[in-house]
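Here is a short report on the structure shown below. Look first at the aromatic side chains, then at the sheet, the chain totals and the interface.

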Amino acid sequence: MTFRRRTVIAIALLVLMTTATVAQASDEPTNHRSITDTTVRWPSFDEITQTLMLRDYNTRVVVLGTTLLGLAAGVIGTFAYLRKRALMGDALSHATLPGIAIVFLILGSKNLPLLLIGAAASGVLGVLAVVGLRTIPRIREDAAIGIVLSVFFGVGMVLFSLVQQMKTGNEAGLQSFIYGKAAAMLNRDAWLIGGVATAVVLGCVLLFKDFRILCFDEDFAGSQGCPVLFIDLTMMALVVLTTVVGLQAVGLILVVALLIVPPSAARFWTDHLGTMTVLAGILGAVSAWLGATISALMPRLPTGAIIVLCAGVLFFISMMAAPRRGVLASVWRRWALARRIGLHHVLRALAEHEERYGEDVGMSLKDLLSARSWSAGSLNHSLNVAIRRGEVSRTKGDLLRLTATGRIEATRILRNHRLWELFLIRHADIAPSHVDRDADDVEHVLSETIVRELERALDETVAIPPSPHVQWGENT
Amino acid sequence: MSGWDWSMDGWIILAGVLSACSCALVGNFLVLRKMSLMGDAISHAVLPGLAIAFLISESRSSIAMFIGAVFAGILTALLSQVVNRYGGVEHGASMGVIFSILFALGLILIRQAADHVDLDPGCVLYGNITQIPLDAIGGEVPPAVINLSIVFVANLLFVVLFFKELRISTFDPQLSTTLGIPAGMMHYLLMILVSITTVANFESVGSILVIAMLIVPAAAAHLLTDRLSTMVILSLLIAAASAVIGHVTAAFGPSWVGLNADTNTSAMMAVIAGLILLAAVLASPQHGVIGKAYHRIQLALTITCEDILGLLHRWREMNTGTPRPMYRNEILAAVGDSTLSRWALRSLVRRRELTADMAAKPEATAYYLSAQGISRAAGLVRSHRLWEAYLAKHFALPLDHLHMSAERLEHFITPQLREEISRDLIAPNLDPHGKEIPPELDA
């Protein structure tokens with residue numbers, strides 16, 4: 001399919017979904033949770049099973065609605081994250097406030113679809129303001145986001161305090177847009193969220209190729225005939241839709257977390273965009289489900305905040321435990337590398353000693369300690385590793401010698417070291433007295449292929465080249 | 001609001017000015033360090049610190065609040081750095097992750113704290129500046145005003161005493177470190193001050209509007225000046241103005257539009273600050289939209305004027321035997337009939353570079369070059385043809401490629417440059433097309 005056809009289909013579906021769900025939104029009487037209940041108490045086992053099984057109608061609505069929202073936000077958030085637009089969502093969500101207030105001022109009542117349309121309109125205005133401010137030379141993107149976020153919020157608050165004085169008590173429902181009030185979610189709200197979530201997921205599936213190319217290489221996308229601006233606007237529109245329907249559930253301050261946190265968490269696990277999108281959707285849905293369930297069990301806790309905390313927990317688990325990009329993995333890698341380098345140093349020091357005095361003469365710990373600048377502690381540690389691996393043995397006179405297996409490894413390292421030294425001397429014109437340090441760093445990471453290339457470049461095939469420091473008459 | 005009462009409104013305005021100014025002081029450095037969003041992040045994230053302080057001290061004591069805020073602020077800065085560096089998460093997103101999670105935590109804790117301490121979660125977001133005077137007993141100074149004054153003085157001292165250090169570490173962290181000023185320490189010192197300022201402002205403007213006070217006056221001042229010291233002073237003035245105007249508008253604004261109500265002072269302060277920024281964006285002499293547009297129009301006008309002068313000069317060259325004027329409709333047809341070109345004709349006549357013979361029909365008006373006009377036109381044509389000759393000599397371009405470049409550059413070649421080109425080409429008389437290069441005339 002061509003770009004254009006796919007986008008047209010996506011847009012059509014999107015519009016259909018939204019109109020259908022807005023039309024669906026008819027008022028249904030539901031019993032609100034009591035807001036006078038102010039104590040946190042642990043739920044009984046029955047309540048837990050009842051909530052988990054979604055037996056209660058109200059809970060079912062809330063849990064399903066927020067879960068779908070988490071899914072949609074995770075999916076579209078992935079693209080926003082990769083386009084480095086993560087905080088644009090923050091400006092957007094704060095900028096919805098004036099729209100809500102204006103619609104409310106005009107209508108004087110809480111008509112959800114119209115309020116959301118107002119929110120979307122002023123949100124879009126906020127995004128446009130960020131884009132416009134960014135073109136002013138002295139205003140950078142970060143300042144533009146901060147300005148729009150706070151000034152729009154200020155306008156919203158001004159209008160709200162007018163609402164507060166003019167209407168009687170009705171504005172209580174509007175507060176829920178700021179902090180979110182998932183517990184008050186109605187059937188039609190869940191339908192709306194469901195519709196938007198479907199539209200977002202469908203839009204992302206249909207436009208996946210275009211979104212991908214836009215995220216990674218905008219200029220290339222343009223050169224391939226992809227209507228960059230149009231695709232970009234579609235992406236933004238999906239973000240706006242998700243944000244606006246999310247306002248009620250998690251509130252305008254925290255809705256941005258649903259857009260940022262799950263994709264950031266998913267990024268740790270994979271380098272593949274498709275996997276990342278799916279994973280972010282799942283993480284978003286899981287945190288929303290978990291958060292909604294917990295807050296259904298403990299109604300006094302604010303749902304939005306609980307959802308964000310769940311997402312936060314998932315984020316930190318991902319950041320710590322992810323196999324390749326995770327912090328623990330990289331700490332482990334660093335530790336393993338340090339261990340390997342220490343081992344190499346011991347082996348090479350022993351090999352150099354052997355080279356000078358013959359294989360049968362062992363090396364005393366004192367000599368080994370003065371062979372290079374290492375502390376007794378780290379030498380001992382590396383030495384123990386070498387002995388445990390059977391590469392070094394301790395003789396009766398407390399002398400250290402390479403074992404047969406150790407010698408093979410030590411010879412290889414020493415040879416790599418010498419090859420690199422020679423390479424630097426011959427090809428990089430570095431003085432022989434200056435090459436040791438460099439070779440010392442590089443010898444641990446020389447791969448087989450590079451060693452082969454070095455051999456070819458230096459015409460060295462088998463033997464260990466003699467130390468340049470000795471060869472060039474240097475005192476070492 | 002029924003009326004103006006100095007014993008109330010005076011305190012409110014004072015609190016507003018102090019809070020806006022204390023924010024603006026540190027805000028300058030946030031904006032210049034491209035860390036505006038750090039202000040955003042910290043102002044959200046001090047919430048849990050505040051809540052924990054409430055829970056531990058079981059009171060709204062200022063000391064506990066400030067300690068909690070400092071911890072939370074440093075934690076935000078540290079954590080987002082950790083997530084950014086060790087987690088490899090992009091800078092903006094790492095701040096977003098940290099502050100939204102901390103804010104969520106803060107919300108939950110505040111909900112708990114509200115049971116023990118008299119605290120309104122809504123007030124956290126937009127403050128309650130009009131309550132400030134009510135906390136004062138009798139004629140005393142309200143405690144919030146005292147807090148704000150202390151923070152303002154602390155910020156002022158910090159900025160004045162460490163001005164040099166702040167400037168160097170803001171504009172060139174590497175240089176600052178080599179000069180023995182630890183840029184990292186200045187960064188964290190600034191973060192601590194931002195946290196303290198944010199907390200002190202919770203009561204007056206709240207956690208979101210404080211972002212407006214941190215960023216907006218500084219961003220507006222940055223548009224107006226190139227000097228750091230001027231920028232700091234300007235930002236203070238803008239901050240104070242938005243506080244005063246904000247409160248007056250909040251108190252009386254709705255009644256001006258016929259509503260019997262007043263509105264939120266702190267929100268109005270943010271709105272006024274935003275309007276001042278908008279004015280700066282439009283009217284800043286160097287960076288403003290209006291100034292830019294004016295310069296662009298001026299340039300377009302100059303170029304069109306010069307095109308007309310060049311046209312008339314060439315016309316004179318073509319009709320050396322029988323000099324005849326060029327008519328308005330001919331000129332407009334040659335340079336393109338637009339408002340700009342008509343405007344250019346008018347301004348040329350006004351500056352006496354063209355003389356116009358009015359005719360009954362406007363399009364039959366005849367235009368001659370005056371003496372002044374001849375000298376300027378000759379200079380232009382000289383620039384044009386010298387440049388063509390220069391290009392032909394040094395760049396070996398085909399003859400039909402010379403004109404476009406010369407057409408653009410002729411407007412920007414100064415007499416000095418003409419002199420140099422002419423010397424380089426050993427005073428040529430003819431351009432590559434064989435046309436005469438007019439000699440330099442004294443203007």
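Over all chains, this predicted model holds 8 aromatic pairs. One of them is formed by F79(A) and F211(A). Their ring centres are 5.1 Å apart and their planes meet at 65 degrees, so the pair is edge-to-face. The cut-off for that class is over 60 degrees.

Where do the two rings sit in chain A? F79(A) belongs to helix α3 (residues 57–82), and F211(A) to helix α9 (residues 208–216). The pair therefore ties together parts that are 132 residues apart in sequence.

Are these two residues buried or exposed? F79(A) has a relative accessibility of 0% and counts as buried. F211(A) is buried too, with a relative accessible area of 0%. The cut-off for buried is under 20%. F208(A) joins F79(A) and F211(A) in one aromatic cluster.

Another aromatic ring in chain A has a charge over it. The charged end of R372(A) sits over the ring of W374(A), 5.7 Å from the ring centre.

**The sheet in chain B**

Chain B has an open sheet of 3 strands with antiparallel pairing. The strand order is β1-β3-β2. Which strands form the edges? They are β1 (326–327) and β2 (354–357) of chain B, each of which pairs on one side only. Strands of a sheet pair through backbone hydrogen bonds. Here, 2 bridges join β1(B) to β3(B), residues 366–369, and the two strands run antiparallel. Y327(B) stands opposite A366(B) in β3(B).

**Chain A as a whole**

Chain A contains 21 helices and 3 strands. Of its 476 residues, 53% are buried. Take the contacts in chain A between residues at least 6 apart in sequence: 74% of them join residues at least 24 apart. The chain exposes about 21,600 Å², and carbon and sulfur atoms supply 62% of that area.

**The interface**

How many residues does each chain bring to the contact? Chain A gives 54 residues and chain B gives 62 residues. The area buried between the two chains is about 4,900 Å². Carbon and sulfur atoms give 74% of it. R138(A), D142(A) and Y179(A) supply 15% of the area that chain A buries against chain B, more than any other three residues.

The two areas are listed here with their carbon and sulfur shares.

| Surface | Area | Carbon and sulfur share |
|---|---|---|
| Exposed by chain A | about 21,600 Å² | 62% |
| Buried between chain A and chain B | about 4,900 Å² | 74% |

How values were computed:
Residues are numbered from 1 along each chain as its sequence is written. Chains are lettered from A and ligands numbered from 1 in the order in which they are written. This is a predicted model: local features need pLDDT of at least 70, side-chain atom pairs count only at pLDDT 80 or more; totals for chains, interfaces and linings use all residues. Side-chain values use heavy atoms; hydrogens and water are left out. Rings of Phe, Tyr and Trp (its six-membered ring) pair if their centres lie within 6.5 Å; planes under 30 degrees apart count as stacked, over 60 as edge-to-face and the rest as tilted. Helices (H or I, at least four residues) and strands (E, at least two) are DSSP runs, numbered from the N terminus. Buried means under 20% relative accessible area, exposed over 50%, partly exposed in between (1.4 Å probe, protein chains only). A charge sits over a ring if NZ of Lys or CZ of Arg is within 6 Å of the ring centre and within 35 degrees of the ring normal. Two strands pair if DSSP finds at least two bridges between them. Contact means heavy atoms within 4.5 Å. Accessible areas come from the Shrake-Rupley method with a 1.4 Å probe; for residues, only the protein chains shown count as cover. Buried area is the accessible area (1.4 Å probe) that two parts lose on being put together, summed over both.
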